Amino acid sequence: MDLYYSLTSPYARVVRMALIEKEKSDAVTHHVVNPWEDAPELVRANPLVRVPTLVADDGTVLTECLLLIRFLEREWPSHSLLPKTGFSRNMSEAGLAMGLIDTGVHMLLGRKIAGEAFDESALGQRRRRAVTSTLDALDKAPPGPFPELGAIATMVALDYLAFRFPEFDWPQGRPSLEAWHADHAGRNSVKETAPRDS
Ligand SMILES: N[C@@H](CCC(=O)N[C@@H](CS)C(=O)NCC(=O)O)C(=O)O
């Protein structure tokens, strides 16, 4: 199995953390690529030219991080990210965190296109409000335990915000969420996949 990813993609990080939590990271061949530079091997594998992209042993190309999670769960059911106990709570937490990731990526793309002016635009302000209120909701009810998908996605979302929007200072005024983050920041899956530019 071949996994294509960048070291900054939060979507890819969800999958990379899942593989480590499942103790299956060594079962895939890792390819670090930059989707924005049209890495030829990624262009060949995935017409969307996005990461994460997983090429299964039979050549099937899998995209969309949550579908990849579903696939990994079927391939390697142990260390489940979707345990039956607390299933709807886990789904709810994962949904909020994935929405936070989408919103952060949208804000970054907005800045890429319109520069800092994006932040002041009506859409930029709307996105910022969504980030603020979602972080506040997470502070009121931090996610359940690792290796649940809700915990993985929340860790990815928080680190992505700190990486791309340090001025946002998400821990400010959110002591429960900050404590939750600190409790889990030492996990191997978290440390080994921390976002970095190269
Ligand atoms: N919905 C997709 C999003 C994947 C995605 O947008 N990945 C970004 C990196 S963070 C990418 O490859 N962007 C390149 C592009 O949009 O051309 C998922 O869940 O995997």
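These legends walk through several close-up views of a predicted model.

**View 1. Two domains make up the assignment of this chain.**
Welcome to the starting point of the tour. The domain assignment gives domain 1, residues 2–75, and domain 2, residues 87–191. Taken over C-alpha atoms, the centres of domain 1 and domain 2 are separated by 21 Å. Keep these two domains in mind, as they return in the next views.

**View 2. Domain 1 and domain 2 meet at an interface.**
How many residues of domain 1 are in contact with domain 2? There are 13 residues of domain 1 here, and they touch 21 residues of domain 2. The size of an interface is often given as the accessible area lost when the parts come together. For this pair of domains, about 1500 Å² is buried between them, and 73% of that area is on carbon and sulfur atoms. Three residues of domain 1 deserve a closer look: Arg 13, Met 17 and Glu 21 supply 38% of the area that domain 1 buries against domain 2, more than any other three residues.

**View 3. The largest pocket is lined by residues of both domains.**
This pocket has a volume of about 820 Å³. Its lining is made of 33 residues, and those nearest the centre of the pocket are Ser 9, Tyr 11, Trp 36, Val 51 and Val 105. Each of domain 1 and domain 2 gives at least three residues to this lining. Four helices, α1 (10–21), α3 (65–75), α4 (87–114) and α7 (149–164), supply at least two lining residues each. Which helix gives the largest share of the lining? That is α4, with 6 residues. Sorted by character, the pocket lining has 18 nonpolar, 7 polar and 8 charged residues.

**View 4. One cavity of 30 Å³ or more is counted in the model.**
The volume of this cavity is about 40 Å³. The residues lining the cavity are Leu 7, Thr 8, Ser 9, Pro 10, Arg 13, Val 156, Asp 159, Tyr 160 and Pro 195. Helices α1 and α7 are the elements that give two or more residues to the cavity lining. The largest share, 3 residues, comes from α7. By character, the cavity lining divides into 5 nonpolar, 2 polar and 2 charged residues. Both domains take part here too, with at least three lining residues drawn from each of domain 1 and domain 2. You may recognise two names from earlier views: Ser 9 is listed among the residues nearest the centre of the largest pocket, and Arg 13 is one of the three residues picked out at the domain interface.

**View 5. His 184 sits in helix α8.**
Helix α8 covers residues 175–184. Is His 184 buried or exposed? His 184 counts as buried because its relative accessible area is 16%, and the cut-off for buried is under 20%. Leaving aside its neighbours within four places in sequence, the contacts of His 184 are Phe 146, Met 155 and Val 190.

**View 6. Glu 120 belongs to helix α5.**
Helix α5 spans residues 117–120. Is Glu 120 buried or exposed? With a relative accessible area of 62%, Glu 120 is exposed, since the cut-off for exposed is over 50%. Now find Lys 140 as well: Glu 120 and Lys 140 are 20 residues apart in sequence, and 28 Å lie between their C-alpha atoms.

Technical notes. Residues numbered from 1 in each chain as written. Predicted model: local features only at pLDDT ≥ 70, side-chain atom pairs only at ≥ 80, totals over all residues. Heavy atoms only, no water. Buried < 20%, exposed > 50% of the residue type's maximum accessible area, 1.4 Å probe, protein only. Contact = heavy atoms within 4.5 Å. 1 Å grid on protein atoms, 1.4 Å probe; cavity = no way out; pocket = protein on both sides within 12 Å on 5 of 7 lines; lining within 4 Å. Points joined across faces, edges and corners; volume = space filled by probe spheres on them. Nonpolar A, V, L, I, M, F, W, Y, C, P; charged D, E, K, R; others polar. Domains from an automatic or database assignment. Buried area = accessible area lost by both parts, 1.4 Å probe.
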